[in-house]
Amino acid sequence: MFLTKWIRDWASGKAFNNFDFLFFLKFRKFNSEENLLSLRDLLSRSEYSETERLSDQVWSHVVKNPERVLIFFDGLDEFSNRSRIAGESLRDSVEEQMSLSALFYNIVEENLLPGATVLTTTRPTAVSDVTYLPFDKTIEILGFASE
């Protein structure tokens, strides 16, 4: 719900005006798959996407302007392969296929889409799986008020 509100605010122009694209990826959506994905494949699977594959025009803009991209990774604690998130570095290009764990690592480490903003949500049970990643900030939400 928290991220959905942020997405609505961005879509209506109320917030995050410095981003041209927002991608919302739920970790649990990838639990049943062991398929390798390219970065383009991953972003194409964003929630609320109306297409199965990013158009060449959108993809080109994303790659050329990563600082204008915001990626939400939701529910790390729900990802069955979170213990595999490790230093699998990029070997070829943004078109290279790799596991979601490797894609996540390379996006956060800025090997892919350097300058993109990444927000990752998790319950406290999974924080220890990613403490070595270079997140700028860690925020703990203690609860929600009705307003």
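Okay, S55: buried or exposed, or somewhere in between? Its relative accessibility comes out at 36%, so S55 counts as partly exposed, since that label covers values from 20% to 50%. And before I go on, this is a predicted model, so everything here is computed from predicted coordinates. S55 sits in the loop that runs between α2, residues 39-44, and α3, residues 56-64. If you want a feel for the spacing there, take R45, which is ten residues away from S55 along the chain: the two C-alpha atoms are 13 Å apart.

Now another serine, S101. This one is in helix α4, residues 100-108. Why does S101 get called buried? Because its relative accessibility is 5%, and the cut-off for buried is under 20%. So what does a serine side chain do in there? For S101, the side chain reaches the backbone oxygen of N81, at 3.2 Å. N81 also turns up in the contact list: setting aside neighbours within four places in sequence, S101 touches F79, N81, R84 and I85.

Let's stay with α4 for a moment. How many of its nine residues are buried? Nine of the nine, so the helix is mostly covered. If you're clicking along, that means L100, S101, A102, L103, F104, Y105, N106, I107 and V108. You'll spot polar names in that list, including S101 and N106. And what do those buried residues pack against? The partners are α2, β2, which is 69-74, and β3, which is 117-120.

After α4 the backbone gets interesting for anyone who likes torsions. E110 follows the helix, and its phi is positive, near 65°. Then there's L113, in the loop between α4 and β3. L113 isn't a glycine, yet it has a positive phi of about 50°. With a relative accessible area of 3%, L113 is buried too.

There's another one of these earlier in the chain, F16. Again not a glycine, again a positive phi, this time about 60°. F16 belongs to the loop between α1 and β1, where β1 is 21-26. Its relative accessible area is 24%, so F16 counts as partly exposed.

On to the sheet. What order do the strands come in? It's β1-β2-β3, an open sheet of three strands with parallel pairing. β1 and β3 are at the edges with a single partner strand each, so each has one side without a neighbour in the sheet. From one strand to the next, the twist averages 15°. Looking at β1 and β2 in particular, they pair in the parallel sense over six bridges. Within the sheet, F24 stands opposite F72, which is in β2. And remember that β2 and β3 are among the elements that the buried residues of α4 pack against.

Last stop, back towards the start of the chain: K5, in helix α1, residues 2-11. At 48% relative accessibility, K5 counts as partly exposed, because exposed would need over 50%. Which residue does the K5 side chain pair up with? That's D9: the two side chains are joined by a polar contact of 2.9 Å.

So, if you only open a couple of things in the viewer, I'd go for S101 with its side chain reaching the backbone oxygen of N81, and then L113, buried and with that positive phi. That's me done, happy to take questions.

Technical notes. Residues numbered from 1 in each chain as written. Predicted model: local features only at pLDDT ≥ 70, side-chain atom pairs only at ≥ 80, totals over all residues. Heavy atoms only, no water. Helix = DSSP H or I, 4+ residues; strand = E, 2+ residues; numbered from the N terminus. Buried < 20%, exposed > 50% of the residue type's maximum accessible area, 1.4 Å probe, protein only. Polar contact = N/O pair within 3.5 Å; in protein donor to acceptor, adjacent residues only side chain to side chain. Contact = heavy atoms within 4.5 Å. Pairing = 2+ DSSP bridges. Axes fitted to C-alpha atoms, helices over the stretch in contact; angles between N-to-C directions.
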